[in-house]
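Hello,

I am passing a structure on to you, and since it is new to you, I have added some notes to read beside it. Please open it first and then come back to the text.

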Amino acid sequence: MKRPNIVLILTDDHAAHAVGAYGSVVNATPRIDEIAEAGVRVDSCFCTNSLCTPSRASILTGTYSHINGVTTLETPIDASQPTFITALRDAGYRTAVVGKWHMGEGDGHDPQGFDYWAVLRDQGEYFDPQILTADGLEIVPGYATDILTDLSLGWLDSLEGDDPWCILIHHKAPHRPWEPDEKHKGMYSEPIAVPATFDDDYATRSSAAHRAAMRIADHLTLTDLKQLPPEGLTYEQAALWKYQRYMEDYLACVASVDDNVGRVIDWLKTDGSFDDTLLMYTSDQGFFLGDHGWFDKRFMYDESLRMPLLVSCPSRITDVGRTLSQIVTNVDFAQTILDAAGVDPHPRMQGVSFWPQLTVDPERPTREAMYYRYFENDDVNHHAFAHYGIRTERYKLIYFYNDGMGLPGSSPHAYPPEWELYDLQEDPEELNNVYGDPAYRELREQLKAQLWTLQAELKDEPHHSQPVPDLVASP
């Protein structure tokens, strides 16, 4: 059988609950949904560090942040590391990346292992973006989402011969400051549903939630809102007005992505390669859409942790329109893609291929728990505290160690550590921290031991403030 072509479409901050295929109540994404209709919707896909730069490094290298060295926004990648791209290229694939790179610039940080690369500088611009290639820098007139698709399809059009290819299409959208193009501006001007947790008071949580500067009511800027709130609004009314402004622009940016995903699908079908192409749509992490009163990400709560992931490859994935519920992470992408291509992964990679679950063995287990770690403590913009934890199918244990450990992007301040525990079956919205509840004491200690053991398996170091769990220390 012919080796599949590969298209990985990666957006920035596109929450799963703003994708129609996941049951969005705030928008429609008909073209993105076509991937789910032709393939599989993955329901428990989680990022291992909910931040743009680290997530991209984990996707590319198939390793956790503490292994690839990209822990914060301020830690650029050593681009000479083995990646799934270098493995594919060594196996005869033609390779390209177009769009947001955001893992550093210059010698040692620019993309490596790609036959063609055309990337945005840093966060990139929505309009008239700077595009960096091996030949230099160019400002390209137009809207970034359209331009990146143009460049991607242009590279595909340029290919000759039958060798397989892999292209990464990395959109800037819908990243802050959410600047829609004229075609989509205002399309969500009608009132947008407010999430049930919008007024969360964080009553049972640790100090991290209280300290975070991500509240829609307080921390959206005039650059974000693009106009002054009407006069005479109460604090509560102004918060709801800001939510509507934020969501109107965010969803309009998503609508442009949706149109451009459709352009890629149409190209593949016209070319006759849709059935033999592994097409993946995802985002580098989740995002708060007013959930708990927040925007942004960083936290281990599910709205930030969960990534959308839709996968199609009709010649291989034949049981279509279904869902996959097993836990997978962004660290697993590299090995899954290589498995689909019949290419051996680098021994350094830490993920688990879920290609069998997509194709021949849908019920095969993946992992009992996923591991998460956010390193950028008390960052200057959002003041989110450093933490790590595990999520099982039902429970989530989080240790806020609240110490930047001198990492770039972290403040020099450390704060007393705290724990949180959630029963996701009884409390899917994560409103009730039950860490101190006597009824959960035995489970809490089991999860501590499971976290400690998983960290050791993944070669990560627990923070010095965390004591060895009793169940690990006991004979």
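Below is what turned up, beginning with the sheet and ending with the pockets.

Please keep in mind that this is a predicted model.

**The sheet**

Ten strands form an open sheet with mixed pairing, in the order β7-β6-β5-β4-β8-β1-β9-β10-β2-β11. β7 (136-139) and β11 (322-324) are at the edges with a single partner strand each, so one side of each has no neighbour in the sheet. From one strand to the next, the twist averages 15°. At the β11 edge, β2 (residues 40-42) runs parallel to β11 and is joined to it by three bridges. In this pair, V40 sits opposite R322 of β11.

**Helices on the sheet**

Helix α2 (residues 52-61) packs on the sheet and touches β1 (5-11), β4 (94-100) and β8 (165-170). Its direction makes about 165° with that of β1. Helix α5 (residues 144-158) lies across β4, β5 (116-120), β6 (130-133) and β8, and runs at about 170° to β8.

**Two pockets**

The largest pocket has a volume of about 820 Å³. Its lining has 36 residues, and D43, D302, R306, R391 and P428 are the closest to its centre. Sorted by class, that lining holds 16 nonpolar, nine polar and 11 charged residues.

The second largest pocket has a volume of about 570 Å³. Of its 32 lining residues, L73, E74, H102, D122 and Q123 lie nearest the centre. Helix α2 comes up again here: α2 and β5 each supply at least two residues of this lining.

Happy exploring!

Terms used. Residues are numbered from 1 along each chain as its sequence is written. This is a predicted model: local features need pLDDT of at least 70, side-chain atom pairs count only at pLDDT 80 or more; totals for chains, interfaces and linings use all residues. Side-chain values use heavy atoms; hydrogens and water are left out. Two strands pair if DSSP finds at least two bridges between them. Helices (H or I, at least four residues) and strands (E, at least two) are DSSP runs, numbered from the N terminus. Axes are lines fitted to C-alpha atoms, for helices over the stretch in contact, and angles run from 0 to 180 degrees between N-to-C directions. Contact means heavy atoms within 4.5 Å. On a 1 Å grid over the protein atoms alone, a cavity is a set of points where a 1.4 Å probe fits but cannot get out, and a pocket is an open set with protein on both sides within 12 Å along at least five of seven lines; lining residues have an atom within 4 Å of a point. Grid points are joined across faces, edges and corners, and a volume is the space filled by probe spheres set on the points. Ala, Val, Leu, Ile, Met, Phe, Trp, Tyr, Cys and Pro count as nonpolar, Asp, Glu, Lys and Arg as charged, and the others, Gly among them, as polar.
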